[in-house]
Amino acid sequence: MSNAIVLNDKFEANGDVALPAKFAEINSHNLYLYAKSYLAAQRANTARVKNRSEVRGGGKKPKAQKGSGGARWGSKRSPLFVGGGQVFGPTKRNYVQKVNKKQKALALSFALNAQAENGSLFITDSITVESGKTKDALAILNKLNQRDTLVVVDTIDEKTYLAFRNVKNCYMIEKQEVNAYLIAAYHSVLIEKSVFESLTKEA
């Protein structure tokens, strides 16, 4: 059973809370499938070439069929010529890899459990920076002493957004944006208690 670290209002360690025991039994392959699907969906999918039916020109036969001593030329649009069509080049395709809802939930639970096992899942009642100053957001993150941090809150208010906006190696999201890939991609997760309870309850 893995434990998440509970922080007080000064963002100092103040105990821990156990994750559901079933989280430890989840196969890591669920996270692999979700991460693969998530990254595939991020692809721009803009690579595309023109084949010989789409390039300009080629209306007239370039030279006589016979008599030149060379090969037959039917069209300048052939891939053999400069400016001709491309053979087997990239075209627009569907990169979507479907992952069902159950696997998504399992992947998220596995990612949360992995962070807890590493001692890098932190829970606090509220994450707000009323001053809106970046130095105050940095003060919070420095207490965690982690390389990078995903900050998860129920709702982002304007002042807190301004405070965390320019902080390096930190990304703030709301509850509805949480997914297994983001949880796994960061070295630590700082999450509000209400969101944590919601995620573990839904799982």
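**Note on helix 3, serine 188 and neighbouring elements**

1. On the other side of helix 3 from its buried residues, Lys135 and Asn142 are exposed. The model is a predicted one, and the points below should be read as describing that model.

2. The buried residues of helix 3, which spans residues 134–144, are Ala137, Ile140, Leu141 and Leu144. These four sit on the same side of helix 3 because the arc they cover around the axis is only 90 degrees. Asparagine 145, just after helix 3, has a positive phi of about 60 degrees.

3. What do the buried residues of helix 3 pack against? Their partners include five strands and a helix by name: strand 1 (3–7), strand 3 (121–124), strand 4 (149–153), strand 5 (170–174) and strand 6 (188–192), together with helix 4 (158–165).

4. Strand 1 has two pairings to note. With strand 2 (13–18), strand 1 pairs in the antiparallel sense over four bridges; asparagine 3 has alanine 18 as its bridge partner in strand 2. With strand 3, strand 1 runs parallel, and two bridges join them. Here valine 6 has isoleucine 123 of strand 3 as its bridge partner.

5. The hairpin of strand 1 and strand 2 has five residues between the strands, and phenylalanine 11 takes a positive phi near 60 degrees there. Phenylalanine 11 is not a glycine, and its phi is positive all the same. Is this loop residue, phenylalanine 11, buried or exposed? Its relative accessibility is 10%, so phenylalanine 11 counts as buried, the cut-off being under 20%.

6. Asparagine 45 is another residue other than glycine with a positive phi, again near 60 degrees. Asparagine 45 belongs to the loop between helix 1 (29–41) and helix 2 (101–117). With a relative accessible area of 23%, asparagine 45 is partly exposed.

7. Serine 188 is placed in strand 6 and is buried, its relative accessible area being 0%. Which residues does serine 188 contact, leaving aside neighbours within four places in sequence? They are Gln115, Ser120, Phe122, Gln146, Asp148, Thr149 and Leu150.

8. Two of these contacts of serine 188 can be described at the level of polar atoms. The side chain of serine 188 reaches the backbone oxygen of aspartate 148 at 2.8 Å. The side chains of serine 188 and threonine 149 are joined by a polar contact of 2.9 Å. For separation on the scale of the chain, serine 188 and serine 53 can be taken as a pair: they are 135 residues apart in sequence, and their C-alpha atoms are 52 Å apart in space.

9. Serine 37 lies in helix 1 and counts as buried at 14% relative accessibility. Not counting residues up to four places away in sequence, serine 37 touches Gln97 and Val99. How far is the backbone oxygen of glutamine 97 from a polar atom of the side chain of serine 37? The distance between the backbone oxygen of glutamine 97 and that side-chain atom of serine 37 is 2.6 Å.

Key. Residues numbered from 1 in each chain as written. Predicted model: local features only at pLDDT ≥ 70, side-chain atom pairs only at ≥ 80, totals over all residues. Heavy atoms only, no water. Buried < 20%, exposed > 50% of the residue type's maximum accessible area, 1.4 Å probe, protein only. Arc of directions from axis to C-beta. Contact = heavy atoms within 4.5 Å. Polar contact = N/O pair within 3.5 Å; in protein donor to acceptor, adjacent residues only side chain to side chain. Pairing = 2+ DSSP bridges.
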